[in-house]
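Please take a moment with the sequence and the model below before reading on. The paragraphs that follow go from the whole chain to its aromatic rings, and then to some of its charged side chains.

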Amino acid sequence: MLAPFRRPLPLLLPILASALVACDQSPRFTQAEPDEALSAGLTTVSRRDQNAFSLPSANLEPVRRLDFSVGNSFFRSPWVIAPSTTTARDGLGPLFNTNACQNCHIRDGRGHPPEPDSINAVSMLVRLSIPATAKDAWIIERQGVLPEPRYGTQLQDMANPGIAPEGKVRVDYSSHAVRFDDGYTLELRRPHLNISQLGYGPMHPDTLFSARVAPPMIGLGLLEAIPEAAILANADPDDADGDGIAGRPNRVWDDAAQKTVLGRFGWKAGQPTLNQQNAHAFANDMGLTTSLLPHATCSQAQSACLRAPHGGDPEVSDNILDKVLFYTRNLAVPARRQVDAEQVLAGKTLFHQAGCQGCHTPQFVTAADAAEPELVNQIIRPYTDLLLHDMGDGLADGRGEFLATGREWRTPPLWGIGLTEKVSGHTQFLHDGRARNLLEAIAWHGGEAERAKRHVLTFSSEERAALLAFLNSL
């Protein structure tokens, strides 16, 4: 565990030692910022092995670690079919994608797409919807999308015995090359979804599909604790400053508050709070009801699903939901590595010169009224603005969600990204896992990130290595 601070935590500005400034006014970093290794302030942990994403906040009191452990048990352990003697964990399905949260968020880390020619899509799901019209405005306001009539908003590829799964998912790939100015070439793969074995008849002919891998779970409570005003301060929907970046907030429906609020979570910032994110995951991923979402996700075309026994009303009690919420709020972020290394500092300079920080905002301070005392007034470095950005045709899924268009995605946090292989056993990135390494992920950037991507394509071999060293230090 990291040693605690012994002094106040002022808002820190980057150290610009030697004060060397590039022609584009980007800083050159020659030393680390004070306490820069502590990506999540006092909550930061020092572990960096395969369990680095599964630890409680470093400043969590021992008595509160018991609640964390209880939440962890419900996050990790499988749910079972009702009726069962295991009444606290029954009610799985009837239609679902997995029977435990941990199956998708591998060691609380990043999911991945299925292997080629496999129809086992655990840790990747497929969102569904159909185009909406003006008469669907009420549905869009509250659900964000217009569900596919037979299959809803998410394809569930598993089911309880005697009930047909909704379908099976396979991912095929085509490829194309991207060339750096020095001749170095990357082969990028573009995924193509194949949905087969539909259990309830054909889908609407205009169905929209979006593959999503499970994101890492670390630092979510801290992202929830960023003041709304701090997020909105970075929004520039009309690109008034002319930098080509026009981040804008998503506005989404809050099931508990029954009103439209700022979205923060999910690949398109389609969820406002961690509790709602968790409740929707219980419902859509495992077919489990909560007091927030008390109704099964079966459509009227799925009669066997509608008749199936359930595991209580609701199946996930408020106590369990609260414990899972506490767990997900307090999954800690690991400390950065080698923040003083010359190559890492050079990569940080290149990151800023390319303009990557225009979306991947390095630093925030959490609110004084954060939901948990451990998360209050923490200086954090998540490298996200939590805003939507047009990422171009290459990454577009064509599927809107609340205010997000089919070309827009929320900036994903970068903290912990260098430990992905250690924790999750792979290096597959972006919303559908198409990128097999960080350089491929950068090369897929377009739209508002096109200028930054083009800058990176001018990098020499040495500069690419430095940029990757910086990213892998996060």
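How many helices and how many strands are there in the chain? In this predicted model, the chain holds 13 helices and 13 strands. A compact globule of 474 residues would have a radius of gyration near 23 Å, and the chain, with 22 Å, agrees with that expectation. Taken along the principal axes, the box filled by the C-alpha atoms is roughly 70 × 55 × 40 Å. Of the 474 residues, 54% are buried, while the chain exposes about 19,800 Å², of which carbon and sulfur atoms supply 54%. When contacts between residues at least 6 apart in sequence are considered, 68% of them join residues at least 24 apart.

The aromatic rings offer a way into the interior. A pair of such rings is described by the distance of the centres and the angle of the planes. The structure holds 9 aromatic pairs, and one of them is formed by F75 and Y327, whose ring centres are 5.2 Å apart and whose planes stand at 50°, so the pair is tilted. Because F75 belongs to helix α1 (residues 62–76) and Y327 to helix α8 (residues 318–329), this pair ties together parts that are 252 residues apart in sequence. Both residues, F75 and Y327, are buried, and ring pairs link them with F68 into a cluster.

A further aromatic pair, formed by F351 and Y383, is edge-to-face, with 5.8 Å from centre to centre and 80° between the planes. Here F351 lies in helix α9 (residues 342–354), whereas Y383 lies in the loop between β11 (379–380) and β12 (388–390), so the parts tied together are 32 residues apart in sequence. F351 and Y383 are both buried.

Rings also meet charged side chains in this model. The charged end of R142 sits over the ring of W253, 4.5 Å from the ring centre, and the charged end of K348 sits over the ring of F29, 4.3 Å from the centre of that ring.

Is R399, another arginine, buried or exposed? R399 is placed in the loop between β12 and β13 (408–410), and because its relative accessibility is 2%, under the 20% cut-off, R399 counts as buried. A polar atom of the R399 side chain lies 2.9 Å from the backbone oxygen of L128. Leaving aside neighbours within four places in sequence, the residues in contact with R399 include R127, L128, S129, V145, T153, L208 and K268.

Notes:
Residues numbered from 1 in each chain as written. Heavy atoms only, no water. Phe/Tyr/Trp six-rings, centres within 6.5 Å; stacked < 30°, edge-to-face > 60°. Helix = DSSP H or I, 4+ residues; strand = E, 2+ residues; numbered from the N terminus. Buried < 20%, exposed > 50% of the residue type's maximum accessible area, 1.4 Å probe, protein only. Lys NZ or Arg CZ within 6 Å of the ring centre and 35° of its normal. Polar contact = N/O pair within 3.5 Å; in protein donor to acceptor, adjacent residues only side chain to side chain. Contact = heavy atoms within 4.5 Å. Rg over C-alpha atoms; globule rule 2.2 N^0.38 Å. Areas by Shrake-Rupley, 256 points an atom, 1.4 Å probe, with all protein chains shown as cover.
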